[in-house]
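Student: I am new to this structure and would like to learn how the words used to describe it are earned. Could we go through it slowly, setting values against definitions?

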Amino acid sequence: MTRAGATPGRGGPEAAPVPAAGVAAARAIEVRTAAGAYPVWLGPGLLDRLDELLPELPGAEAAAVVFSAPVRGFAERAAAALARRGLVPHLLGVPAGEAAKRLAVVETLYERLAAVPTHRADPVVAVGGGATTDAAGFAAATWLRGVPLVNVPTTVLGMVDAALGGKTGVDLAAGKNLVGAFHQPAVVVADTGTLAGLDRAEVRSGLAEVVKAGLVGDPALAAACLAAAGPAGAGDPEALAPLLEAAVRVKARVVAADEREGGLRAVLNYGHTLGHALERMAGFQGLRHGEAVALGMVFAARVAEATGLAEEGLVAGHVRVLGALGLPTTLRALDPEAVLAAMATDKKHLGGLRLVLLRRPGQPELVPAPDHGVLAAAVRALADDSLGAVRP
């Protein structure tokens with residue numbers, strides 16, 4: 001066995017330089033948890049330096065690299081870096097997209113982990129988008145009652161949301177992310193160079209989570225999304241970089257304050273109550289996660305205005321920034337009763353449905369859902385395109 005080599009110092013809340021020659025413009029953002037802290041490395045050129053950015057992994061001999069077919073090239077580069085660290089890499093493919101988040105897929109991963117075999121010290125390395133890191137993370141949380149997890153996100157959504165914070169899980173027919181566990185990664189390595197070939201619709205979908213981070217925790221970030229909407233939505237690396245970093249910092253702050261969603265962390269689900277219901281109604285295909293969340297945020301803004309929690313103008317502000325990014329803010333032919341029934345399985349349910357609403361950008365609240373009529377009217381209002389909205 002060859003043990004992993006020297007470990008870089010973990011970055012604090014302020015950005016730290018990557019301790020490897022030849023890697024420029026990278027940042028390390030620290031995520032503090034009850035068990036300790038881990039860095040989120042963000043910048044170009046990091047995938048091929050994965051071996052230098054891994055923490056100490058005492059006793060590790062192998063690494064299970066979980067990936068989907070579209071990112072096989074990235075997975076092979078990660079495997080090469082792991083081999084340089086002295087770990088024997090094993091490539092384990094899963095379906096692309098939300099199809100990875102099924103119990104049957106995770107069961108297959110268990111069987112393949114047993115066949116390698118991997119042991120408790122051996123990490124699972126998730127390479128890909130949010131669905132891959134969710135499914136691989138759940139496998140890591142439960143295989144041998146928990147093994148190290150290394151996340152290597154390759155999408156905007158993965159970099160700013162799914163890969164950090166410790167939430168892992170899979171979907172059921174009854175709802176999204178209903179089976180899961182909290183399992184923090186040992187490190188997140190987000191190589192922004194992997195975004196270069198990402199489909200522009202996927203870039204825009206991920207930016208919905210960036211807007212969400214701004215609306216709940218950093219109004220200046222929401223404003224920056226509007227200002228940079230054109231180049232950011234087109235995937236321009238220079239436009240994306242500051243937005244991604246700011247969004248990661250918002251999530252890191254919230255996770256540090258409420259790691260297991262006892263209260264504050266629920267604000268990160270802004271737009272997700274309706275969004276998850278729409279994804280489920282679409283059969284987890286055809287409607288991207290960020291598109292569903294964009295619609296969910298407009299819905300939540302309409303509820304906040306209708307109940308008097310927010311002043312008029314909140315909806316228009318949402319439509320402005322989301323529409324500028326090419327995200328949908330209207331949706332035709334929604335049956336309010338079917339939508340509200342699908343929302344009933346939301347995980348924030350506590351003595352009744354609860355919603356994350358805004359008083360204004362930067363001031364989220366988790367509140368009991370208003371009466372049925374208000375919710376139904378807000379669903380119906382999603383068909384209103386009078387504010388210049390776009391549809392999926």
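**Helix pairs**

Tutor: Let us begin with two helices, H6 and H9, which pack at an angle of about 50° with their axes 9 Å apart. The model is a predicted one, and the values discussed here are computed from it.

Student: Why is H6 called oblique to H9?

Tutor: Angles under 35 degrees count as roughly parallel, and those from 65 to 115 as roughly perpendicular. The angle of about 50° belongs to neither of these ranges, nor is it over 145, so H6 is oblique to H9. The crossing of H6 and H9 is left-handed.

Student: Which residues of H6 and H9 meet, and what are their classes?

Tutor: From H6 come Val203, Leu207, Val210, Ala213 and Gly217, and they meet Leu240, Leu243, Leu244, Ala247, Val250 and Arg253 of H9. Sorted by class, this contact has nine nonpolar residues, one polar and one charged. Gly counts as polar and Arg as charged, so Gly217 and Arg253 fill those two classes.

Student: What makes H11 oblique to H14?

Tutor: Helix H11, residues 289-306, and helix H14, residues 372-380, have axes that come within 9 Å and cross at roughly 135°. Roughly perpendicular ends at 115 degrees and roughly antiparallel needs an angle over 145, so a crossing at roughly 135° makes H11 oblique to H14. This crossing is right-handed. In it, Phe299, Arg302, Val303 and Ala306 of H11 meet Val374, Leu375, Ala378 and Val379 of H14, a contact with seven nonpolar residues, no polar ones and one charged.

Student: Where does H6 come into contact with H11?

Tutor: Ser205, Ala208, Glu209, Val211, Lys212 and Leu215 of H6 meet His289, Gly290, Glu291, Val293 and Met297 of H11. By class, five of the residues in this contact are nonpolar, three polar and three charged. The axes of H6 and H11 come within 6 Å and cross at roughly 35°, and the crossing is left-handed.

**Cores and burial**

Student: Which residues have the most contacts inside the largest nonpolar core?

Tutor: They are Val210, Leu244, Tyr270, Leu278, Phe299 and Met343, in a core of 73 residues. H11 gives the most to this core, with 11 residues. Leaving out residues up to four places away in sequence, Val210 touches Val156, Val160, Leu221, Cys225, Leu243, Leu244 and Ala247. Apart from this core lies another, of 25 residues, including Ala28, Val65, Ala75 and Val187. In soluble globular proteins, nonpolar side chains tend to be buried together.

Student: Which residues of H12 are buried, and what covers them?

Tutor: Helix H12 spans residues 314-324, and its buried residues are Leu314, Val315, His318, Val319, Val321 and Leu322, which means that each has under 20% relative accessible area. Their cover includes helix H6, helix H7 (219-227), H11 and strand S10 (354-360). After H12 comes Gly326, with a positive phi near 80°.

Student: What makes Ala181 count as partly exposed?

Tutor: Ala181 has a relative accessibility of 25%. Buried would need under 20% and exposed over 50%, so Ala181 counts as partly exposed. Ala181 sits in strand S8, residues 175-182, and, its neighbours within four places in sequence aside, is in contact with Phe138, Ala141, Gly166, Lys167 and Thr168. Its C-alpha atom is separated by 8.5 Å from that of Gly137, although the two residues are 44 residues apart along the chain.

**Backbone exceptions**

Student: Why might the backbone at Glu261, Phe284 and Pro117 be worth pointing out?

Tutor: Most residues other than glycine have a negative phi, and most peptide bonds are trans. Glu261, however, has a positive phi near 60°, and Phe284, which is not a glycine, has one of about 60°. Glu261 lies in the loop between helix H9 and helix H10 (272-281), and Phe284 in the loop between H10 and H11. The peptide bond from Val116 to Pro117 is cis, with omega near -5°, and Pro117 is found in the loop between helix H3 (103-115) and strand S5 (124-128).

Student: How do you know that Glu261 and Phe284 are partly exposed?

Tutor: Their relative accessibilities are 22% for Glu261 and 23% for Phe284. Neither value is under 20% or over 50%, so both residues count as partly exposed.

Note on methods:
Residues are numbered from 1 along each chain as its sequence is written. This is a predicted model: local features need pLDDT of at least 70, side-chain atom pairs count only at pLDDT 80 or more; totals for chains, interfaces and linings use all residues. Side-chain values use heavy atoms; hydrogens and water are left out. Axes are lines fitted to C-alpha atoms, for helices over the stretch in contact, and angles run from 0 to 180 degrees between N-to-C directions. Helices (H or I, at least four residues) and strands (E, at least two) are DSSP runs, numbered from the N terminus. A crossing is left-handed if the near helix is turned anticlockwise from the far one by less than a right angle, and right-handed if clockwise. Contact means heavy atoms within 4.5 Å. A nonpolar core is a set of buried Ala, Val, Leu, Ile, Met, Phe, Trp, Tyr and Cys residues joined through side-chain atoms within 4.5 Å. Buried means under 20% relative accessible area, exposed over 50%, partly exposed in between (1.4 Å probe, protein chains only).
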